[in-house]
Amino acid sequence: VPDADTLARLRARLRDLIGDDAVVDEPSELAHLGHDRCRGEWPVAPALAVLPRDTPSVQAVVRACVEAGVAMVPSGGRTGLTGAATATAGEVVVSLARMHRVLAVDPVGMTLRCQAGATVQAVCEAATAHGLLYPIDFAAKGSAHIAGSIATNAGGIRVLRYGMTRRWVMGLQVVLPTGECIETGGPLKKDNTGYDLTGLFVGAEGTLGLVTEATLELCVPPAATVVALCAVPDDPAIVALFTAVRSSGLPLSAFECFDERGLHHVQAHRGRAGEPGPLEAPAPRYVVVEIEVARPGAEARDAARASLTQVLTQASEAGALEDAVVAGSAREAAALWSLREDISESLHSHGPHKADVSLPIAQIVTFLARWRPLVAQTLPDVEAVVFGHVGDGNLHLNLLRPPSCEPTDFHRRMKAFDRETFELIAELGGSISAEHGIGLLKREHLHYSRSAAELQLMRQLKATLDPQGLMNPGKIFAAG
Ligand SMILES: Cc1cc2nc3c(=O)[nH]c(=O)nc-3n(C[C@H](O)[C@H](O)[C@H](O)COP(=O)(O)OP(=O)(O)OC[C@H]3O[C@@H](n4cnc5c(N)ncnc54)[C@H](O)[C@@H]3O)c2cc1C
């Protein structure tokens, strides 16, 4: 934690460099800017926040902080779910919220260049305005910044079809922890000239530098999509249905699952507790299936809808499905999607402890068959809500804090239970973080997914790029 004199000098220097209105030290605003969506047992204690307007200002901020020996925390839309954008010990929060412009779209090369603080949604809309698609899609995209999504290598609901953020990042402008600015990659599709420096910053959680601009690849969107909501009897049926739809050859773009508690919380959040949703009766598990329609026109759409209905009927005859509704319009499709997409938000007020894990798809059933009883036995007062991206082997395990349990006690119990979850994940060949990253939340568990040699190499890379250890210290692994 910097001492008061150092901080006063740094505050004055930053005001000189980037302007009074770009330096925030008002406590309530600081508290707001000082953390992301994940609250753990760590403090929220930023010293200052800065909101630079351009890349030279970001460089000036970094150089001033390095000179003062004060650490920095890059901050995006603060929707992260691991505490990775949280300042815990007098750091300077560097928010790029004022650098939010989409700079250029190249419809021929199908690329887009934008500033770090453009939201994922703004990028999607800019691509759409040119008849193109930026296919990364997740519930927080209206608030998440493109740089935050790059720093976390965000996934979302269409990874099955389009891959993670990494797949779409062609180049970056990065201010390194020394203050130097580099351009990596760019709009060229082919450029085999040494190490993949762009890739190094994707998923780095802001520990290796501040992303200030990005060049992204775009693609041609499908003409339309067809969406169905399915009621299924149990966890094995979810995977059986996935296998059936995928092997039918239909162009699957999403396959998402959630349990009855997920639907319950979404409906309760909407003031409709107890209502079963668009299906006639409540079911133990639900699946949202989306397929793409390649050709435009009603005929192609109707044919796709008929094909999906046929595959679902066959699955029903095989016992993998109890009921289903296929959306008849884009509005109906959005309503079905919202049942899955609104789960995270509807759980937020319950202070959920989240584990975002991945498994080989073939192990999902085994995992849930062992994990659900483990929760029931070890945490009998805690409600579990499971949803996820089945097609990517990615489950979001949510444990809700009982109102009677104090937050500190809950965190302690969750910490102990995480070990049981991650041991099971490791045994079944999975990963302790599918898409949210490590941050503060999982750093002590990283060894379940990375070998000692990998961890050592990661630390060496960090030390090479950030010799003073001032860029988002303590995230991914403990500082020092
Ligand atoms: C309702 C909800 C649903 C979600 N669904 C998904 C989902 O389906 N899939 C998924 O992957 N995630 C999901 N998330 C998590 C979150 O939205 C993503 O991790 C998102 O990519 C974070 O972006 P952000 O701008 O909010 O980053 P922040 O939370 O602000 O920061 C995240 C990390 O990025 C770093 N960072 C931010 N800006 C920069 C920068 N300019 N340069 C370098 N590093 C930077 C931060 O230091 C931090 O380490 C969800 C979150 C919520 C609240």
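## Exercises on a predicted model

Glu205 counts as buried, at 7% relative accessibility (buried means under 20% relative accessible area, exposed over 50% and partly exposed in between, with a 1.4 Å probe and protein chains only). The model is predicted, so local features need pLDDT of at least 70 and side-chain atom pairs count only at pLDDT 80 or more, while totals for chains, interfaces and linings use all residues. Residues are numbered from 1 along each chain as its sequence is written, and side-chain values use heavy atoms, with hydrogens and water left out.

**Exercise 1.** Determine where Glu205 and Arg78 lie and what sign phi has in each.

Solution. Step one: Glu205 belongs to the loop between helix H7 (197-201) and strand E9 (210-217) (helices, H or I with at least four residues, and strands, E with at least two, are DSSP runs numbered from the N terminus). Step two: its phi is near 55°, a positive value in a residue other than glycine. Step three: Arg78 sits in the loop between strand E3 (72-75) and strand E4 (92-95). Its phi, near 60°, is also positive in a residue other than glycine. Step four: Arg78 counts as buried at 18% relative accessibility. For context, most residues other than glycine have a negative phi.

**Exercise 2.** Explain why Cys230 forms no disulfide, and state how Cys124 stands.

Solution. Step one: the structure holds zero disulfides (a disulfide is a pair of cysteine sulfur atoms within 2.5 Å). Step two: for Cys124, the nearest cysteine sulfur is that of Cys219, 10 Å away. Step three: the closest cysteine sulfur to that of Cys230 is in Cys257, and because the separation is 12 Å, it is too far for a bond. Step four: both residues are buried, Cys124 at 12% relative accessibility and Cys230 at 0%.

**Exercise 3.** Describe the largest nonpolar core and the surroundings of Tyr134.

Solution. Step one: this core has 59 residues, and Tyr134 and Leu216 have the most contacts inside it (a nonpolar core is a set of buried Ala, Val, Leu, Ile, Met, Phe, Trp, Tyr and Cys residues joined through side-chain atoms within 4.5 Å). Step two: its largest share, six residues, comes from helix H3 (residues 55-68). Step three: leaving aside neighbours within four places in sequence, the contacts of Tyr134 include Val120, Cys124, Trp168 and Leu216 (contact means heavy atoms within 4.5 Å). Step four: another core, of 58 residues, lies apart from the largest one and has Ala228 and Leu312 among its members.

**Exercise 4.** Identify the buried residues of helix H9 and what covers them.

Solution. Step one: in H9 (residues 260-269), Gly262, Leu263, His265, Val266 and Gln267 are buried. Step two: their cover includes strand E12 (285-293), helix H11 (330-341), helix H12 (343-347) and strand E15 (383-389), as well as E11 and E16. Step three: just after H9, Gly271 takes a positive phi of about 75°.
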